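The exercises below work through one protein chain, each with a task sentence and a solution in steps. Please keep the sequence and the coordinates at hand while reading.

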Amino acid sequence: MTREPASPEAPEGAVRRVESPANPAVKAVRALHQKKHRSATGLFLAEGLRILTEAVALGHAPRTLVVLPAMRRDSMGAQLVAATLAAGGEVLEVSEAVLAKIARKENPQGAVGAFPQVWWDLDAIDAHRAFCWVVLEAPRDPGNVGTVLRTADAVGAQGVILLDNACDPYSLEGVRASMGSIFAQRLVRTTFDAFHAWRARQGGQLVGTALNATADYQAIAYGRPTFLFMGNEQSGLPPAYEGACDTLVRLPMRGRADSLNLAVASSVMLYEIYNQDRRA
Ligand code: SAM
């Protein structure tokens, strides 16, 4: 689902100059740092020219783009402005002081965008021919989810399914950790029961990861599609969820650490699944 970026020629006058941080449009963008405003509007923030440009290349135009005047003279900045306007979004040109009030990053590279969140419905997904989906049980840390999205994107997984009481991957921390992959991966949020019923219709293998599993993660053959099931940062996978898995694997550890970080464990697993797939 990619869309050609629009012409870099932004029509003059279509960009609104905003001087005050108290301007309602600026305040509305800034409010997206809070989850309640992200939930109410279905929007989220991304910062930085590179990530915003990647978002547009992947077919996601900002609903609101906030830029420094210098950005409009930069070719990438001008393309961003044009793509936003072409998609019916608004462009606010602001001073560095106003941008600093909106951005969390010290140097947001002159641009911040408010984008519509995209959530996929499980019933709209056919995973029969997929390579891999990552399933995260109630992750608490959006930075972990963002990192998982980034690795999932790197290995060509189809997306990430968030189960039960998951954190918001569209927080700035999650978006930042994903390094743009949040625009490339499909995101689903659902319950374990709905996921389980859907997965039964997809075939493939549900591979759970657990510290107490007996099978070494490299002793298993991962076919297509593999559903990689990762546990919560504090409590792991609930026993009933482990029981629903076709296979449970562990990542061996010989030092003193009692577990790996969720995103690190996901990455090691995803690379094993990817390595087996590319050698097959
Ligand atoms: N105290 C938790 C537990 O008992 O599972 C630790 C959770 S760990 C920080 C988060 C998730 O990463 C786990 O649920 C599992 O999915 C995965 N994980 C971390 N280290 C692992 C290992 N050595 N073997 C298998 N999975 C691991």
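A residue is called buried when its relative accessible area is under 20%, exposed when it is over 50%, and partly exposed in between, as computed with a 1.4 Å probe on protein chains only. The model to which this is applied here is a predicted one.

**Exercise 1. Classify Met179 and Asp164 by accessibility, and describe the backbone at each.**

Step 1. Met179 has a relative accessible area of 33%, so it counts as partly exposed. Met179 belongs to the loop that runs between H7 and strand E8 (186–190), and its phi is near 50 degrees, which is a positive value in a residue other than glycine.

Step 2. For Asp164 the relative accessibility is 33%, and therefore this residue, too, is classed as partly exposed. Asp164 sits in the loop between strand E7 (159–163) and helix H7 (172–178), with a phi near 60 degrees, again positive in a residue other than glycine.

**Exercise 2. Determine whether Gly180 is buried or exposed, and find which residues it touches.**

Step 1. Gly180 lies in the loop between H7 and E8, and because its relative accessibility is 1%, it counts as buried.

Step 2. When residues up to four places away in sequence are not counted, Gly180 touches Ile51, Glu54, Leu58 and Val175.

Step 3. A separation in sequence can be set beside one in space: Gly180 and Ala55 are 125 residues apart along the chain, while their C-alpha atoms are 6.8 Å apart.

**Exercise 3. Describe how helix H3 and helix H4 pack, starting from their axes and ending with the residues in contact.**

Step 1. The axes of H3 (residues 49–57) and H4 (residues 75–86) come within 10 Å and cross at roughly 45 degrees. That angle makes H3 oblique to H4, and the crossing in which H3 passes H4 is left-handed.

Step 2. On the H3 side the residues are Leu49, Leu52, Thr53 and Val56, and they meet Met76, Gly77, Leu80 and Ala83 of H4. By residue class, this contact of H3 with H4 comprises six nonpolar, two polar and no charged residues.

**Exercise 4. Carry out the corresponding analysis for helix H6 and H10.**

Step 1. The axes of H6 (residues 142–155) and H10 come within 9 Å and cross at roughly 10 degrees. Because angles under 35 degrees count as roughly parallel, H6 is roughly parallel to H10.

Step 2. H6 contributes Asn144, Thr147, Val148, Thr151, Ala152, Ala154 and Val155 to the contact, and H10 contributes Leu262, Ala263, Ser266, Ser267, Leu270, Tyr271 and Tyr274. The residues of this contact divide into nine nonpolar, five polar and no charged.

**Exercise 5. Find which residues touch the most other members of the largest nonpolar core, and which helix gives the most to this core.**

Step 1. The largest nonpolar core has 50 residues, of which Val134, Leu136, Val160, Ile182, Phe183, Tyr222 and Met269 touch the most other members. Helix H10 (residues 262–279) gives the most to this core, with six residues.

Step 2. Apart from this core lies another one of 19 residues, among them Phe192, Phe195, Trp198 and Leu237. As background, nonpolar side chains in soluble globular proteins tend to be buried together.

Step 3. Taking Tyr222 as an example and leaving aside its neighbours within four places in sequence, one finds it in contact with Gln205, Val207, Tyr217, Val249, Met269, Glu272, Ile273 and Gln276.

**Exercise 6. Locate Val268 and Asp277, and state which residues each of them contacts.**

Step 1. Val268 is part of helix H10, and with a relative accessible area of 30% it is partly exposed. Beyond its neighbours within four places in sequence, Val268 is in contact with Tyr217 and Leu251; Leu251 is 17 residues away in sequence and 8.4 Å away in space, C-alpha to C-alpha.

Step 2. Asp277 is also placed in helix H10, and, residues up to four places away in sequence not being counted, it touches Phe131 and Arg224. Asp277 and Arg224 are 53 residues apart in sequence, and their C-alpha atoms are 8.2 Å apart.

Step 3. The peptide bond that leads from Arg224 to Pro225 is cis, with omega near -15 degrees, and Pro225 has its place in the loop between strand E10 (215–216) and strand E11 (226–230).

Methods: Residues numbered from 1 in each chain as written. Predicted model: local features only at pLDDT ≥ 70, side-chain atom pairs only at ≥ 80, totals over all residues. Heavy atoms only, no water. Core = buried A, V, L, I, M, F, W, Y, C linked by side-chain atoms within 4.5 Å. Helix = DSSP H or I, 4+ residues; strand = E, 2+ residues; numbered from the N terminus. Contact = heavy atoms within 4.5 Å. Axes fitted to C-alpha atoms, helices over the stretch in contact; angles between N-to-C directions. Parallel < 35°, antiparallel > 145°, perpendicular 65-115°, else oblique. Left-handed = near helix turned anticlockwise from the far one by under 90°. Nonpolar A, V, L, I, M, F, W, Y, C, P; charged D, E, K, R; others polar.
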